[in-house]
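This briefing addresses the ligand sites, pockets and cavity of the model shown below. The points are grouped by topic for reference alongside the structure.

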Amino acid sequence: MNILITGATSGIGHAIAQEFARNGHKLWITGRRADRLQEIKETLTAQYGATVYTSCVDVRNREETAALVDQIQAEWQAPDILINNAGLALGLSTIDKGDIDEWETMIDTNIKGLLYMTRHIAPLMVALKKGHIINIGSTAGKSVYPNGNVYCATKHAVVALSEGMRVDLMNYNIKVTALNPGMVDTEFSLVRYSGDEQKAAQTYLGFEPLHASDVAKTAYYCATLPDHVCINDITMTCTRQANGIFKTTDEAVRLS
Ligand code: NDP
Ligand code: 8X3
C-alpha cells in the first residue's frame, strides 16, 4: 500500500512510518524539518529496503499542501492511506490567561492543517472509490482537562471531523478512523513546554506511558483489516491512565 503520513519527523508519525516500512509498504513522509525527513528516509531504506518519498511541508500552508498533493497524484494517483498525524499542544493555562498566538498555532495545525490535507486528498480517493483516512485525535478529544482548553477543543474537533468524514465518504468506499491515544512519550511535551526538558520528563514520571510504537501498531491494525471492516473510533491509553483526566502511578497500584 501507499501511505502518506503528516508529521513523520518524530514521535507517533515516525513510529507509524517505521511500522509500515517494516511491513513492506511505500511511504510519503512529511514534516517541516528537512534534515529529519532525509535521515528517516535513509534509515528506512537501509533497514527495510523501503521506498520513501519525502516532502518538507507545513500543514498550515494551503499552497504547500496543495503542491504536495499534486506531486503525490502524479506519482501514485492517490495514497491508499492518509494519516493526518501532524499536531501539537502549546502551553497549559486557564482560558483567561491563554496566549492567543499559541491558540492560533494549535487551531491552524491540528484542525485547519488536517482539513487542508483531507480536502486535497479525499477527491483522489473518491475518484478511485477506495482509501482510508486515519486521523490522530487524543483522549483530549474525549474529555477536557484543566488548563487544556484550546488543545482539547482542537482534538474534539478532530473527533467530530472524523465522524463527519466517515458519514460523507462511506458512499465512496472510504474508511475513516479516529485514533485517540492517551499520554505517549514523544516530543509532544517538549513542544508543549517550549523545550523545557525537565518539565517534559515530569509528565511521564511514576508510570509507563504509551510508546509511539504502541500507537503505530494500532494504526497498522486498523489499516490492514478486511475491506468490509472499518474501525471508526478507537481510544487507547496506557494501563495507568483511564481517560484524559484520571491517571495513577505504579506506587499507587503497589499500595492498593
Ligand atoms: P511530536 O512532537 O513527537 O510529533 C509531532 C509531529 O507533528 C512532528 O513530526 C512535527 O514535525 C509535526 N508537525 C507539527 N506541526 C507541524 C506543521 N505545522 N506542519 C507539519 N508538521 C507539523 O508529537 P507526537 O508524535 O506525540 O504527536 C503526533 C500527534 O499525536 C499530534 O497530533 C498530537 O496531538 C497527537 N497526540 C499525542 C499524544 C501524546 O501524548 N504524545 C497523545 C494523543 C495524541 P515538524 O516539527 O518537523 O514539522
Ligand atoms: C496528548 C495527550 O493528555 O497531553 O493529546 O492531552 S494529553
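In this predicted model, ligand 2 is surrounded by Ser138, Ala140, Tyr145, Tyr151, Met183, Phe188 and Arg192. The space that ligand 2 takes is the largest pocket, and ligand 1 sits in the largest pocket as well. Tyr151 is named in the surroundings of ligand 2, among the residues that come nearest to ligand 1, and among those nearest the centre of the largest pocket.

**Ligand 2**

- By class, the shell around ligand 2 consists of five nonpolar residues, one polar residue and one charged residue.
- The side chain of Ser138 places an N or O atom 2.5 Å from an oxygen atom of ligand 2.
- For Tyr151, the corresponding separation between a side-chain N or O atom and an oxygen atom of ligand 2 is 2.6 Å.
- Tyr145 has a polar side-chain atom at 2.7 Å from an oxygen atom of ligand 2.
- On its own, ligand 2 exposes 240 Å², of which the protein buries 86%.

**Ligand 1**

- There are 29 residues around ligand 1, and those that come nearest are Thr9, Arg32, Asn85, Tyr151 and Thr186.
- The shell around ligand 1 comprises 11 nonpolar, 12 polar and six charged residues.
- Two helices, α1 (11–22) and α5 (149–169), each contribute at least two residues to this shell.
- Arg32, one of the residues that come nearest to ligand 1, has a side-chain N or O atom 2.6 Å from an oxygen atom of the ligand.
- A side-chain N or O atom of Ser10 lies 2.8 Å from an oxygen atom of ligand 1.
- The contact with Asp58 involves a nitrogen atom of ligand 1, which is 2.9 Å from an N or O atom in the Asp58 side chain.
- Taken on its own, ligand 1 has 880 Å² of accessible area, and the protein covers 96% of that area.

**Largest pocket**

- The largest pocket contains about 1,100 Å³ of space.
- Its lining is made up of 48 residues, with Leu88, Tyr151, Thr186, Phe188 and Ser189 lying nearest the centre.
- Thr186 thus appears both among the residues nearest the centre of the largest pocket and among those that come nearest to ligand 1.
- Phe188 likewise lies among the residues nearest the centre of the largest pocket and is part of the surroundings of ligand 2.
- The helices α1, α4 (100–128), α5 and α6 (188–192) each supply at least two lining residues.
- Helix α6 provides the largest share of this lining, with four residues.
- The lining divides into 20 nonpolar, 20 polar and eight charged residues.

**Second largest pocket**

- The second largest pocket has a volume of about 350 Å³.
- It is lined by 17 residues, and Gly131, His132, Asn173, Lys175 and Asp227 lie nearest its centre.
- Strands β5 (131–136) and β6 (174–181) each contribute at least two residues to the lining of the second largest pocket.
- Eight nonpolar, four polar and five charged residues make up the lining of the second largest pocket.

**Cavity**

- Across the whole structure, the search finds one cavity of 30 Å³ or more.
- The largest cavity holds about 30 Å³ of space.
- Its lining consists of Asn84, Asn85, Ala86, Asn110, Leu114, Ile136, Lys155 and Val158.
- Asn85 is therefore listed in the cavity lining and, by the 4 Å criterion for nearness, also around ligand 1, where it is one of the residues that come nearest.
- Helices α4 and α5 each supply at least two residues of the cavity lining.
- The cavity lining comprises four nonpolar residues, three polar residues and one charged residue.

Technical notes:
Residues numbered from 1 in each chain as written. Chains lettered and ligands numbered in written order. Predicted model: local features only at pLDDT ≥ 70, side-chain atom pairs only at ≥ 80, totals over all residues. Heavy atoms only, no water. Polar contact = N/O pair within 3.5 Å; in protein donor to acceptor, adjacent residues only side chain to side chain. Areas by Shrake-Rupley, 256 points an atom, 1.4 Å probe, with all protein chains shown as cover. 1 Å grid on protein atoms, 1.4 Å probe; cavity = no way out; pocket = protein on both sides within 12 Å on 5 of 7 lines; lining within 4 Å. Sits in = over half its atoms within 2 Å of the grid points. Nonpolar A, V, L, I, M, F, W, Y, C, P; charged D, E, K, R; others polar. Points joined across faces, edges and corners; volume = space filled by probe spheres on them.
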